[in-house]
Protein chains: 4
Amino acid sequence: MPAPALNAEEIGELLHEVFPQAFYPGCGLSIERVDHGDVRVRRAFDANFLRPGGTISGPTMMELADFAMYVAVFSAIGRQPLAVTTNLTINFLRKPAQVDLIAQARLMKIGKRLAVGEVNIYSDGMADPVAHVTSTYSVPRNSG
Amino acid sequence: MPAPALNAEEIGELLHEVFPQAFYPGCGLSIERVDHGDVRVRRAFDANFLRPGGTISGPTMMELADFAMYVAVFSAIGRQPLAVTTNLTINFLRKPAQVDLIAQARLMKIGKRLAVGEVNIYSDGMADPVAHVTSTYSVPRNSG
Amino acid sequence: MPAPALNAEEIGELLHEVFPQAFYPGCGLSIERVDHGDVRVRRAFDANFLRPGGTISGPTMMELADFAMYVAVFSAIGRQPLAVTTNLTINFLRKPAQVDLIAQARLMKIGKRLAVGEVNIYSDGMADPVAHVTSTYSVPRNSG
Amino acid sequence: MPAPALNAEEIGELLHEVFPQAFYPGCGLSIERVDHGDVRVRRAFDANFLRPGGTISGPTMMELADFAMYVAVFSAIGRQPLAVTTNLTINFLRKPAQVDLIAQARLMKIGKRLAVGEVNIYSDGMADPVAHVTSTYSVPRNSG
């Protein structure tokens, strides 16, 4: 595995620069580990995410998966703020606990035009994933 | 087409009851039309949804699609607060304008165990969809 | 709607040229209608497609959807034999009858790099679709 | 990991019994490893699968993924011939070589009503997957 194109701190700065409404101090999202195309991020628990039966809302998990995939794409191709999500498929597997969510994203393909990855989302401290995501990103033409 | 199991006002009350953190006065979501398994909802534009290049964030559209599908499911099977999303696939088609988003959801199957639907999301006033979603819901056993 | 870039006969010749193992006289696939990015194709019933309970196999429907989308892509962008499927999502909605399958494909986006479409598959003569597909194709760089 | 509900030989007999048109001596599909909800299967190379540019057709990979998932479902829940695929998402990652295809399927959830799994497909002997699949199966009510 090659070294990441950017480390966690650099990706955090880039995300804050390009997504200031989504990633800022106190937003509840944090980057825990960055390898090349393989990252772990965290979403702090917030009671506003709760839905009937004590579950965490689906959109909360979709947003976390999209965030994790952006971190993974940046870790592989560096500063490319215009990469855009072209599609995303999420399977909800089991009810999350009322704790932080952990997302592990891994790129399966880093092509000249498309990057494809998968994300497993876990309730912090538990072994079985609560959701699984695959997602595709369109990479700008001038990138490797 | 049979009459809807619940009308727009009844679905609004039910959503406020079961999803109070997501659907409440001033949340920006509204129900515009309810037929049986075929509905239109609106998300008011909010500058917080913006992302680089002036686009609207993907999670904003995923949340709207999920909301539209819940309205469609309730319109077909009535009060079933425990229906849960089992999966969702979104294709992002073009850059949304900085206006309200309109989602039109339509159930393709209303089975004893699963409901499957599709959602087209539009920028208000424009003809071409900005995103397309298919989604599956697990229906509680005691429902029709 | 603009005129199609190729008509049904021209697309049939192109498919036979580039997919000789899949599309040939007697293969059971036929092109019934071609508009620009909007087509209807047919798969003749064959008892070999049957599965337990008298249903038609899932892969038969996936192959038909992929065929329908290729016809739709060719109808919109003309001779581009190297367009490749990048992803496909199928939802199986109800049990097909033991008759021909009809697929109606429609492109939702025809971009410089990606084409995205949806396909509804029907049992011939019946109103409710048996499956719904969304699919993305990567378009070669030199095309419009 | 619990022991599989059925071993490779038992699953092969069951598949031949319920899918005689798809799984029979000489069909080119074989079961190589069966653990509980985690299996490896093989599709022998056949020149009929080739498409322009020397790639293997998408439907060939979709059929293999569906086969692998059936083997995985049987390995976890035993004789349940009526389990049906409810949806399937495939991402094509890179061009397969002209060799056998290997599919590794793993169930991510084995619920009372739904089983969800993922499949990685490889060209025999190569490290990077050529396709990734997620798929959901509806499990009959009387099963565990």
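The questions below concern the contact between chain A and chain B in a predicted model.

User: How many residues does each chain bring to the contact, and what area do chain A and chain B bury between them?

Analyst: The contact draws 21 residues from chain A and 21 residues from chain B. Of the area buried between the two chains, 60% lies on carbon and sulfur atoms. The buried total is about 1,900 Å².

User: Which residues of chain A lose the most area to chain B?

Analyst: Three residues of chain A stand out by this criterion, together giving 25% of what that side buries. They are Gln21(A), Pro52(A) and Met62(A).

User: How many salt bridges and how many residue pairs in polar contact are counted between chain A and chain B?

Analyst: A salt bridge here needs a side-chain nitrogen of Lys or Arg within 4 Å of a carboxyl oxygen of Asp or Glu. Between chain A and chain B the count of these is 0. For polar contact, with both residues at pLDDT 80 or more, the count is 5 residue pairs.

User: Which element supplies the largest share of the side of chain A that touches chain B?

Analyst: β3 (50–51), α2 (58–77) and β5 (84–92) of chain A each supply at least two residues of that side. By class, the side has 11 nonpolar, 7 polar and 3 charged residues. The largest share, 8 residues, comes from β5(A).

User: In β5(B), what is the bridge partner of Thr89(A)?

Analyst: β5(A) pairs with strand β5 (residues 84–92) of chain B in the antiparallel sense, over 5 bridges. Within β5(B), the bridge partner of Thr89(A) is Thr89(B).

Methods
Residues are numbered from 1 along each chain as its sequence is written. Chains are lettered from A and ligands numbered from 1 in the order in which they are written. This is a predicted model: local features need pLDDT of at least 70, side-chain atom pairs count only at pLDDT 80 or more; totals for chains, interfaces and linings use all residues. Side-chain values use heavy atoms; hydrogens and water are left out. Contact means heavy atoms within 4.5 Å. Buried area is the accessible area (1.4 Å probe) that two parts lose on being put together, summed over both. A polar contact is a pair of N or O atoms within 3.5 Å; within protein, one must be able to donate a hydrogen and the other to accept it, and residues adjacent in sequence count only if both atoms are side-chain atoms. Helices (H or I, at least four residues) and strands (E, at least two) are DSSP runs, numbered from the N terminus. Ala, Val, Leu, Ile, Met, Phe, Trp, Tyr, Cys and Pro count as nonpolar, Asp, Glu, Lys and Arg as charged, and the others, Gly among them, as polar. Two strands pair if DSSP finds at least two bridges between them.
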